[in-house]
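Got the viewer open? Keep the selection box handy, and we'll hop from one stop to the next.

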Amino acid sequence: MSRIGRTPIPVPQGVTVALDQGAVTVTGPQGSLARQLPQGITISQDGDVLTVARPDDEREHRALHGLTRSLVANMVTGVTQGFTKELEIVGVGYRANARSPQAIELALGFSHPVVVDAPDGVSFEVPVPTRIVVRGIDKELVGQVAANIRKIRKPEPYKGKGVRYAGERVLRKAGKAAK
């Protein structure tokens, strides 16, 4: 039995969980999230605890058991606390500018500024010109938006210039050897 899959999910005060045929909807103070469940995986609610179960020990069901539990637990965390992903910009003249909570303008050494619009449920914050904070209630969406921003100008290995996650180590290469 999956250790992750059999761990119960605590439901905090103020969060409601609606279980339908093959779907789960979690509503809390930050918003609401819904997800389709994989075929055969079931969720049951007992008071303020959710339990994820699988029908048998088939390989596919074992794989989806822990995944489904993690996804539902992330939904509960998202509607209560939300998720953030921080990016930092390294490079001379590289900076970010907040146009609104839904759009940022990046100057990353191209001939033109790059404008990034946030999808629904995600907002941007630029506390300093070299730092971007991506916020939202859907962990998957927040991570994907942060990865798309990083992809615009990945950190290069010689000088380390580019957009990186906060705390990310960039492996540096030695440049040309002098004679």
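What follows is a walk through a helix, two sheets and some salt bridges.

**Before you click**

This is a predicted model, in which local features need pLDDT of at least 70, side-chain atom pairs count only at pLDDT 80 or more, and totals for chains, interfaces and linings use all residues. Residues are numbered from 1 along each chain as its sequence is written, and side-chain values use heavy atoms, with hydrogens and water left out.

Helices (H or I, at least four residues) and strands (E, at least two) are DSSP runs, numbered from the N terminus.

**Stop 1: helix α1**

Select residues 59–80. That's α1, with 22 residues. From first C-alpha to last it reaches 33 Å, close to the 32 Å expected at 1.5 Å a residue (the expected span is 1.5 Å times one less than the number of residues).

Now colour by burial: buried means under 20% relative accessible area, exposed over 50%, and partly exposed in between, using a 1.4 Å probe and protein chains only. Buried residues of α1 include H61, L64, H65, G66, V72 and V79. What do the buried residues of α1 pack against? Show β1, β3 (23–27), β4, β5, β6 and β7 and you have the answer, with contact meaning heavy atoms within 4.5 Å.

Step just past the helix to G82: its phi is positive, near 85 degrees.

**Stop 2: the β1-β6-β5 sheet**

Next, bring up an open sheet of 3 strands in the order β1-β6-β5, with antiparallel pairing (two strands pair if DSSP finds at least two bridges between them). β1 (9–10) and β5 (42–46) are at the edges with a single partner strand each, so one side of each has no neighbour in the sheet.

Zoom in on β5 and β6 (residues 49–53), which pair in the antiparallel sense over 5 bridges. Click I43 and look across into β6: its bridge partner there is V52.

**Stop 3: the β8-β9-β10 sheet**

Start from the loop between β7 and β8 (95–100), where you'll find G93. G93 is partly exposed, at 46% relative accessibility. For a sense of scale, draw a C-alpha to C-alpha distance from G93 to N148: the two are 55 residues apart in sequence and 21 Å apart in space.

Then show the sheet itself, open, with 3 strands in the order β8-β9-β10 and antiparallel pairing. Here β8 and β10 are the edge strands, each with a single partner strand, so one side of each is left without a neighbour in the sheet. The twist averages 25 degrees from one strand to the next; axes are lines fitted to C-alpha atoms (for helices, over the stretch in contact), and angles run from 0 to 180 degrees between N-to-C directions.

Between β8 and β9 there are 5 bridges, and R95 stands opposite A107 in β9. On the other side, 4 bridges join β9 (residues 103–107) to β10. Select A103 and you'll see D117 as its bridge partner in β10. The hairpin of β9 and β10 has 6 residues between the strands, and in it G109 takes a positive phi near 85 degrees.

Stay on β10 (residues 114–117) and show side chains. Which residues make up its covered face? V114 and V116 do, while V115 and D117 make up the uncovered one. In a regular strand the side chains alternate between the two faces of the sheet.

**Stop 4: salt bridges**

A salt bridge here is a side-chain nitrogen of Lys or Arg within 4 Å of a carboxyl oxygen of Asp or Glu. By that rule the count comes to 7.

- Select E140 and R35, whose closest N and O atoms are 3.1 Å apart. E140 lies in helix α2 (residues 139–152) and R35 in strand β4 (residues 32–36), so the pair ties together parts 105 residues apart in sequence. E140 is exposed at 53%, whereas R35 is partly exposed at 27%.
- Go to R131 and E88, at 3.2 Å between the closest N and O atoms. R131 is in strand β12 (residues 131–136) and E88 in strand β7 (residues 83–90), 43 residues apart. Add E86 to the selection: E86, E88 and R131 are linked in a network of salt bridges.
- Finish on E168 and R150, which meet at 2.8 Å, N to O. E168 lies in the segment after β13 (162–165) and R150 in helix α2, so this pair ties together parts 18 residues apart in sequence. R150 is buried at 18%, while E168 is partly exposed at 23%.
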